[in-house]
Amino acid sequence: PSDRTIKPADEGEHYKDLLVNREWWYYSTVFSNDCELAGWTLLVSFNRMARNDLGWTKPDMLFVVLTSPQGARYGGVSERERPILGEYSFLKDPVLLVTSSDSGFRITFEDSYVQGRSPNWHLHVEGDNIDINNHDLIIDLQFFAPSSGYWTYNNRILDNSQAKIASYIYLGCEVTGTVEIDGFSYDAKGIGHHEHTWSTGFILSKVLIRGWDWCQITIDNGWNIYYSKYYLTSQLRSSKESNTDVLTNLIITTDQGKTL
């Protein structure tokens, strides 16, 4: 049962821990055939990156990828460098700001944000630099998880929120709302996925884990498949598949996450 117990403290920020310097909140969805964006997919991710992820800088990042079945793509990556340790002030706060309490959490990145508490989250995306080709995007979606979440990784037996490396997911989320592209608004609904991950940069990049993949698949028959893998060998230096990579999840649910 502890693998499916996620508390309000788990959903908020962990990067305030001295040893945790990376934290990501993912939201993705495949829009259903009975809405105006049938077959489109969306990924939004709020990322606090570690210094050794992208060189010497420590960026806060917002990923937005909206894709049509025909291959049209909107969105991009917004990157803002955080001040280095010792430079924080009331006039120079990090761009990605997280506040949390027992009533829920809120993450903001300039004009975009996500807020709520399991099983409900509200996702809003807009801003001048959201789309790489200067399209106007406004995304306003409600995520509802009909089933409990699931811990895919953590380095503790009890009190998972105190882990230095951890990840949990919610599968089969019901997603409703609107997506506006260049002034045209579309009703949207679909099946989504929410994932929250945090870790130390030292463990993830220097000692054990050298890369990672994750994928969420929604099938027309109502099944959802989740796949993730941490690589124990560098993906930049070798094209060979390692035989020793064992940190992998493959999860199938036929009932929106009730049974895994």
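Here is a short tour of some strands, surface patches and salt bridges to click through in your viewer. Keep in mind that you're looking at a predicted model.

**Stop 1: strand 9**

Select residues 137–144, which make up strand 9. Show the side chains and look along the strand: they alternate between two faces. L137, I139, L141 and F143 point to one face and are buried. On the other face you'll find I138, D140, Q142 and F144, which are not buried.

Now bring in the neighbours. Add residues 120–125, and you have strand 8, which pairs with strand 9 in the antiparallel sense over six bridges. To see one partnership up close, pick N120 and find its bridge partner in strand 9, F144.

Next, add residues 166–181 for strand 11, which runs antiparallel to strand 9 and is joined to it by eight bridges. Which residue of strand 11 does D140 stand opposite? Click on T178 and you've got it.

**Stop 2: a nonpolar patch**

Switch on the surface and select I217, I219, W223, L250 and I252. Together they make a nonpolar surface patch of about 440 Å². Zoom in on L250, which sits in strand 15 (residues 247–253). Is L250 buried or exposed? Its relative accessibility is 61%, so it counts as exposed.

**Stop 3: a negative patch**

Keep the surface on and select D111, E126, D128, D136 and D182, which form a negative surface patch. One of them, E126, takes you back towards the strands of the first stop: E126 is in the loop between strand 8 and strand 9. With a relative accessible area of 30%, E126 is partly exposed.

**Stop 4: the salt bridges**

How many salt bridges does a search of the whole structure find? Two, so let's visit each of them.

Start with K189 and D34, whose closest N and O atoms are 3.0 Å apart. K189 is in strand 12 (residues 184–199), while D34 is in the loop between strand 1 (22–31) and strand 2 (41–48), so this pair ties together parts that are 155 residues apart in sequence. K189 is partly exposed at 34% relative accessibility, and D34 is exposed at 54%.

Then select E110 and R80, whose side chains meet in a salt bridge at 2.9 Å, N to O. This pair also links distant parts of the chain, 30 residues apart: E110 is in the loop between strand 6 (104–109) and strand 7 (112–117), and R80 is in strand 4 (residues 73–81). E110 counts as partly exposed at 47% relative accessibility, and R80, with a relative accessible area of 21%, is partly exposed too.

Conventions: Residues numbered from 1 in each chain as written. Predicted model: local features only at pLDDT ≥ 70, side-chain atom pairs only at ≥ 80, totals over all residues. Heavy atoms only, no water. Buried < 20%, exposed > 50% of the residue type's maximum accessible area, 1.4 Å probe, protein only. Helix = DSSP H or I, 4+ residues; strand = E, 2+ residues; numbered from the N terminus. Pairing = 2+ DSSP bridges. Patch = residues over 30% accessible without salt bridge, like charges linked within 9 Å, V, L, I, M, F, W, Y side chains within 5 Å. Areas by Shrake-Rupley, 256 points an atom, 1.4 Å probe, with all protein chains shown as cover. Salt bridge = Lys/Arg side-chain N within 4 Å of Asp/Glu carboxyl O. Lys, Arg positive; Asp, Glu negative; His and termini not counted. Charge placed at Lys NZ, Arg CZ, Asp CG, Glu CD.
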